[in-house]
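Colleague: I'm new to reading protein models. Could you walk me through this one, feature by feature?

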Amino acid sequence: MAAGNHGDVVLEAKKSKLKPPPMFKVILLNDDFTPMDFVVTVLQTFFSKNREQATQIMLKVHMDGAGVCGVYPNDVASTKVEQVVAFARQHQHPLQCVMEEN
């Protein structure tokens, strides 16, 4: 009997390991100072968007105040946020990039 229970516990542990990690949306926020071309460059450089995709997301940020760049696991999303903010500051732009659970 005890061995059977132990087997169930192992099975439960395996099941929980298969649960996918939470994913996070990386979002650019609109401001009145960052040039549109710079936002397009950010989307192409850090999110592998082509010019057309980048332009569409940039327009969404411009019109709606925010635009989703992509959805990633936590560590990837936080790295992208840091890279974008650092790149924007390096070029003296106030562009904000945030992440939120999907």
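**Finding your way around**

Modeller: Sure! Start by counting the pieces: the protein chain has 4 helices and 3 strands. Keep in mind as we go that this is a predicted model.

Colleague: What pattern does the protein chain follow along the sequence?

Modeller: Read along the sequence, the pattern is α-β-α-α-β-α-β.

Colleague: And what percentage of the 102 residues is buried?

Modeller: Buried residues make up 29% of the 102 residues. The accessible surface of the protein chain is about 6800 Å², and 57% of that belongs to carbon and sulfur atoms.

Colleague: How do I see whether contacts join residues that are far apart in sequence?

Modeller: Look at contacts between residues at least 6 apart in sequence: here, 70% of them join residues at least 24 apart. Here's one pair to find on screen: D75 and F24 are 51 residues apart in sequence, and their C-alpha atoms are 9.3 Å apart in space. D75 is found in helix α4, and at 53% relative accessibility it counts as exposed.

**Reading a helix**

Colleague: Let's take α3. How does its reach compare with what is expected at 1.5 Å a residue?

Modeller: Helix α3 covers residues 51-64, which is 14 residues, and it reaches 20 Å from its first C-alpha to its last, close to the 20 Å expected. You can try the same check on α2: its 12 residues should span 16 Å at 1.5 Å a residue, and its end C-alpha atoms are 16 Å apart, which agrees.

Colleague: Which residues of α3 are buried?

Modeller: A54, I57, M58 and V61 are buried in α3. Look down the axis of α3 and these buried residues fall within an arc of 100 degrees, so they line one face of the helix. On the other side of α3 you'll find E52, Q56, M63 and D64, which are exposed.

Colleague: What do the buried residues of α3 pack against?

Modeller: They pack against β1 (23-29), α2 (36-47) and β2 (66-73).

Colleague: What should I look for at the ends of α3?

Modeller: At the N-terminal end, N50 caps α3, with a side-chain oxygen 3.1 Å from the backbone nitrogen of E52. After the helix comes G65, whose phi is positive, near 90 degrees.

**Looking inside**

Colleague: Where do nonpolar side chains tend to be in soluble globular proteins?

Modeller: In such proteins, they tend to be buried together. In this model, the largest nonpolar core has 23 residues, and V26, L28, V42, L43, F47, V84 and L95 touch the most other members. At least two residues of this core come from each of β1, α2, α3, β2 and α4 (74-90).

Colleague: Which of them gives the most to this core?

Modeller: That's α2, with 7 residues. The buried residues of α2 are F38, V39, V40, V42, L43, F46 and F47, and what covers them includes β1, α3, β2 and α4.

Colleague: Could we zoom in on one core residue?

Modeller: Try L28. Leaving aside neighbours within four places in sequence, L28 is in contact with several residues, including V39, L43, V61, C69, V84 and L95.

**Reading the loops**

Colleague: Is T34 buried or exposed?

Modeller: T34 lies in the loop between β1 and α2, and T34 is buried, since its relative accessible area is 11% and the cut-off for buried is under 20%. A polar atom of the T34 side chain lies 3.3 Å from the backbone nitrogen of L95. Setting aside neighbours within four places in sequence, T34 is in contact with V39, H93, P94 and L95.

Colleague: And which loop residues have a positive phi although they are not glycine?

Modeller: Two to look up are S48 and Q92. S48 comes after α2, in the loop between α2 and α3, and its phi is about 50 degrees although S48 is not a glycine. S48 is exposed, with a relative accessible area of 65%. Q92 is found in the loop between α4 and β3 (96-101). Q92 is not a glycine either, yet its phi is positive, about 55 degrees. At 70% relative accessibility, Q92 counts as exposed.

How values were computed
Residues numbered from 1 in each chain as written. Predicted model: local features only at pLDDT ≥ 70, side-chain atom pairs only at ≥ 80, totals over all residues. Heavy atoms only, no water. Expected span 1.5 Å × (residues − 1). Buried < 20%, exposed > 50% of the residue type's maximum accessible area, 1.4 Å probe, protein only. Arc of directions from axis to C-beta. Contact = heavy atoms within 4.5 Å. Polar contact = N/O pair within 3.5 Å; in protein donor to acceptor, adjacent residues only side chain to side chain. Areas by Shrake-Rupley, 256 points an atom, 1.4 Å probe, with all protein chains shown as cover. Core = buried A, V, L, I, M, F, W, Y, C linked by side-chain atoms within 4.5 Å.
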